[in-house]
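Here is my informal read of this one, put down as numbered points. Keep the viewer open and follow along as you go.

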Amino acid sequence: MASKEETKAANRKLLNRNLAQMLKGGVIMDVTNAEQAQIAEQAGAVAVMALERVPADIRKEGGVARMSDPKMISEIQKAVSIPVMAKVRIGHFVEAQILEAIKIDYIDESEVLTPADDAYHIDKTKFETPFVCGARDLGEALRRISEGASMIRTKGEAGTGNVVEAVKHMRKMRTQIAEVAALPSEQLATYAKDIGAPLELVRYVAKNKALPVVNFAAGGIATPADAALMMQLGADGVFVGSGIFKSSDPKRRAEAIVKAVAYYGDPAILAGVSYGLGAAMTGVDVENMSEAERLAKRGW
Amino acid sequence: MTIGVLALQGSVIEHLKMIKSVNKKIDAVPVKTIDELATVDGLIIPGGESTTLRRLMEEFNLYTPIRERIVAGMPVWGTCAGLILLANRIEGENPCLSVLDIDVKRNGYGRHSDSFVGEGDFDGMYVNMVFIRAPYITRVGEGVEVLAECNDRPVAVRSGNVLATAFHPEMTRDNRIHKYFIGMIDAKV
């Protein structure tokens with residue numbers, strides 16, 4: 001018989017993963033104040049990510065990017081009925097404790113902020129609040145899940161308005177899942193060792209042909225077509241960071257991306273929602289970016 | 001028999017799998033268009049974000065045909081967000097489909113930190129109930145049957161062809177409430 005504490009912890013893990021499942025087929029939007037949060041909610045966002053500067057501005061302005069002021073997060077919590085997420089620096093478990101204290105619905109341990117620990121991610125099993133973490137491939141995703149993440153997002157390259165890295169990471173993950181599923185069972189331990197993931201989770205992927213948690217796409221999605229592309233590549237939903245509030249008409253773009261994610265397989269609808277949307281955010285060429293400028297390489 | 005799950009956002013796959021687990025011969029289909037709606041004998045409005053579901057339902061002209069089918073007697077089941085959309089009254093905002101005489105309060109239990117697994121009796125079956133940012137049912141109208149309570153609150157109600165649960169049976173391995181809903185469709189077909 002499981003003890004009461006064990007049952008409670010197991011239930012919490014389940015509820016945290018379930019909340020991510022409820023967000024499937026939806027768009028999570030970066031917002032920097034209560035007014036933007038309301039625009040996002042009215043446009044049909046399933047959740048908002050509260051942060052002080054969108055990734056494009058963090059990139060431009062430089063400096064250390066940290067967890068947002070709890071006051072600003074609380075104002076957003078009051079302004080909308082959808083879940084509110086917020087970011088903490090990689091490894092900064094005290095920022096996570098603070099967000100838990102203000103009852104944030106989801107914590108993003110994010111490479112978009114400046115890492116606080118260059119060796120260790122947060123032990124997310126110590127928290128009741130669910131975590132979402134970025135990943136570039138299957139090994140990274142499974143390491144984060146083993147640390148307690150309840151949801152994964154591909155990293156892409158945040159703040160660029162360039163979808164190429166998000167595509168690369170999603171394709172890598174899908175390819176590796178297919179590979180694992182095709183392996184004879186005796187090869188799984190070596191595969192787990194090679195990608196640096198726990199064997200138990202690799203076995204789960206082999207059996208279920210899927211991650212044990214929901215996987216969204218993120219990092220560079222700027223248009224309805226980008227969002228639908230990520231969905232057709234197998235994402236469960238999308239995060240849009242700078243793409244909305246750095247465009248010429250955020251409200252219309254937000255609505256269009258929500259519709260594009262719901263009807264991602266219907267080109268006629270995608271054409272309709274893309275029609276006359278105004279200027280997308282200015283993009284950045286990722287290929288010519290120096291290694292130091294790349295956020296996705298933060299974390300391991 | 002064909003059962004549809006409104007597939008705009010949320011726990012769509014989970015419901016489809018549950019229906020299949022009850023009976024492989026039942027067609028379980030995602031519903032995104034009016035044409036797809038026309039093929040189903042019953043409809044599930046899943047969990048998800050009710051503001052998102054509502055907006056998409058209205059934008060893509062599904063609101064009126066869904067409401068007309070329900071009024072004409074098609075069995076419908078809303079889980080969590082779906083319950084909010086079926087209700088006659090929603091605290092602080094305009095109602096959506098208005099086909100079930102209850103009042104609801106969005107996120108009644110609080111934020112996600114207050115999400116919980118409860119248990120209780122559902123029409124004679126003892127079930128686990130997964131509540132995720134669940135709504136409160138604050139009033140139950142006359143002629144609406146309370147099928148389940150949890151912590152002294154009504155959490156599952158039925159009025160004729162309309163079933164609503166504040167919790168998520170699709171998030172468990174127990175398909176008996178899906179069986180119950182299939183029974184409602186069987187009685188109609």
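**Notes on a predicted model**

1. Let's start with a single loop residue. A:Asp236 is partly exposed, with a relative accessible area of 24%; the cut-off for buried is under 20%. Bear in mind throughout that this is a predicted model. A:Asp236 sits in the loop that links helix 10 (224–232) to strand 8 of chain A.

2. What is A:Asp236 in contact with, once its neighbours within four places in sequence are left aside? The list is A:Lys24, A:Gly25, A:Gly26, A:Val214, A:Asn215, A:Phe216 and A:Met231. As for A:Val261, which is 25 residues away along the chain, its C-alpha atom is separated from that of A:Asp236 by 9.4 Å.

3. Next, have a look at A:Val238. Ignoring neighbours within four places in sequence, A:Val238 is in contact with A:Gly26, A:Val27, A:Ile28, A:Phe216, A:Ala217, A:Ile221, A:Ala227, A:Met230, A:Met231 and A:Val261.

4. A:Val238 also turns up in the bigger picture. The largest nonpolar core has 120 residues, and A:Met230, A:Val238, B:Leu86, B:Phe122 and B:Phe131 are the ones with the most contacts inside it. Helix 12 (residues 250–262) of chain A gives the most to this core, namely seven residues. Another core lies apart from it, with 22 residues, including A:Cys133, A:Leu138, A:Met173 and A:Val213.

5. Helix 12 of chain A deserves its own point. Ten of its 13 residues are buried, so this helix is largely enclosed by the rest of the structure. The buried ones are A:Arg253, A:Ala254, A:Glu255, A:Ala256, A:Ile257, A:Val258, A:Lys259, A:Ala260, A:Val261 and A:Ala262. Its length checks out too: at 1.5 Å a residue, the 13 residues should span 18 Å, and the end C-alpha atoms are 18 Å apart, which agrees.

6. How are the strands of chain A ordered in its open sheet of eight? The order is 7-6-5-4-3-2-1-8, with parallel pairing. Strand 7 (214–216) and strand 8 (238–240) of chain A are at the edges; each has a single partner strand, so one side of each is left without a neighbour in the sheet. On average, neighbouring strands here are turned by 30 degrees against each other, direction ignored.

7. For one pairing up close, take strand 3 (residues 84–89) and strand 4 (residues 106–110) of chain A, which pair in the parallel sense over five bridges. A:Ala86 has A:Ile107 in strand 4 of chain A as its bridge partner.

8. Two helices lie across this part of chain A. Helix 1 (residues 4–22) of chain A lies across strand 4, strand 6 (151–154) and strand 7 of chain A, and runs at about 85 degrees to strand 4 of chain A. Helix 7 (residues 164–182) of chain A lies across strand 5 (131–135), strand 6 and strand 7 of chain A, at about 125 degrees to strand 6 of chain A.

9. There is a helix pair to check as well. The axes of helix 2 (residues 34–43) and helix 4 (residues 70–79) of chain A come within 9 Å and cross at roughly 35 degrees; the crossing is right-handed. From helix 2 of chain A, A:Ala34, A:Ala37, A:Gln38 and A:Glu41 meet A:Glu75, A:Ile76 and A:Ala79 in helix 4 of chain A.

10. Over to chain B. Strand 3 (residues 42–45) of chain B is covered on both faces: B:Gly42 and B:Ile44 are buried on one side, B:Leu43 and B:Ile45 on the other. Strand 3 of chain B pairs in the parallel sense with strand 1 (residues 2–6) of chain B over three bridges, and B:Ile3 stands opposite B:Gly42. Strand 3 of chain B also pairs with strand 4 (residues 76–79) of chain B, again parallel over three bridges, and there B:Leu43 stands opposite B:Val76.

11. Chain B also has an open sheet of three strands in the order 5-6-9, with mixed pairing. Strand 5 (87–90) and strand 9 (136–140) of chain B form the edges, each with a single partner strand, so each has one side without a neighbour in the sheet. Strand 5 of chain B runs parallel to strand 6 (residues 100–105) of chain B, joined by three bridges.

Terms used: Residues numbered from 1 in each chain as written. Chains lettered and ligands numbered in written order. Predicted model: local features only at pLDDT ≥ 70, side-chain atom pairs only at ≥ 80, totals over all residues. Heavy atoms only, no water. Core = buried A, V, L, I, M, F, W, Y, C linked by side-chain atoms within 4.5 Å. Buried < 20%, exposed > 50% of the residue type's maximum accessible area, 1.4 Å probe, protein only. Helix = DSSP H or I, 4+ residues; strand = E, 2+ residues; numbered from the N terminus. Contact = heavy atoms within 4.5 Å. Pairing = 2+ DSSP bridges. Axes fitted to C-alpha atoms, helices over the stretch in contact; angles between N-to-C directions. Expected span 1.5 Å × (residues − 1). Left-handed = near helix turned anticlockwise from the far one by under 90°.
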